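Hi,

Here is the structure I promised to pass on to you. Have a look at it first, and then read my notes below.

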Amino acid sequence: MHNTSNIRIGQGIDVHAFGVGDHLMLGGVRVPHDRGVEAHSDGDVVIHALCDAMLGALALGDIGRHFPPSDPQWKDADSRSFLRHCNALISGNGGWRVGNADITVICERPKVGPHAEAMRVLIAADLGIDTDAVSVKATTSEKLGFTGRGEGIAAQAVVLLVKAR
């Protein structure tokens with residue numbers, strides 16, 4: 001059966017435990033915090049979730065398949081390079097582009113709101129889309145679960161891919 005759809009939807013989730021450090025990378029922005037994250041790359045949950053959503057929309061696997069943590073070249077890597085790679089990958093697989101992205105960060109701390117606009121700007125630039133097509137917001141888990149206990153951070157992303165014209 002031939003798929004003639006001009007849109008695809010993908011969703012992604014990423015989680016990292018807090019560890020030693022003095023900041024988090026969120027959406028490409030260095031956010032001061034009393035903890036870092038345990039991760040092979042820079043541990044940017046916002047971008048990792050978005051990459052998974054983009055890859056998932058085209059059934060291209062997940063971020064771990066494309067940037068395996070077992071590969072030393074990704075040690076401490078800037079996740080924005082992952083995002084740019086995924087953007088080129090979707091474009092090269094049938095001429096897709098991100099129509100819009102909606103990302104939610106789940107944590108008690110740090111406060112995401114003061115950094116959300118800077119994240120939107122960087123993500124939009126890396127995707128080559130307008131800033132108004134990128135939403136970054138946050139919620140707490142009301143002190144429930146690992147995020148509520150301050151043990152880590154999570155992000156969810158939904159993305160709409162459209163055929164480039």
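Cys-86 is buried, at a relative accessible area of 0%; buried here means under 20%, exposed over 50% and partly exposed in between, with a 1.4 Å probe and protein chains only. Cys-51 is buried too, also with 0%. The sulfur of Cys-51 is the nearest cysteine sulfur to that of Cys-86, 3.7 Å away, and Cys-86 is in no disulfide. A disulfide is counted when a pair of cysteine sulfur atoms lies within 2.5 Å, and by this rule there are zero.

A word on the source: this is a predicted model, where local features need pLDDT of at least 70 and side-chain atom pairs count only at pLDDT 80 or more, while totals for chains, interfaces and linings use all residues. Residues are numbered from 1 along each chain as its sequence is written, and side-chain values use heavy atoms, leaving out hydrogens and water.

Now for the backbone. Two residues other than glycine have a positive phi: Ala-59, near 55°, and Glu-142, near 55°. Ala-59 sits in the loop between α1 (45-57) and α2 (63-66); helices (H or I, at least four residues) and strands (E, at least two) are DSSP runs numbered from the N terminus. With 66% relative accessibility, Ala-59 is exposed. You will find Glu-142 in the loop between β6 (134-139) and α5 (145-148), and Glu-142 is exposed at 63%.

Finally, look at the loop between β5 (96-106) and α4 (113-127), which holds Pro-110. The peptide bond leading from Arg-109 to Pro-110 is cis, with omega near 0°.

Best wishes
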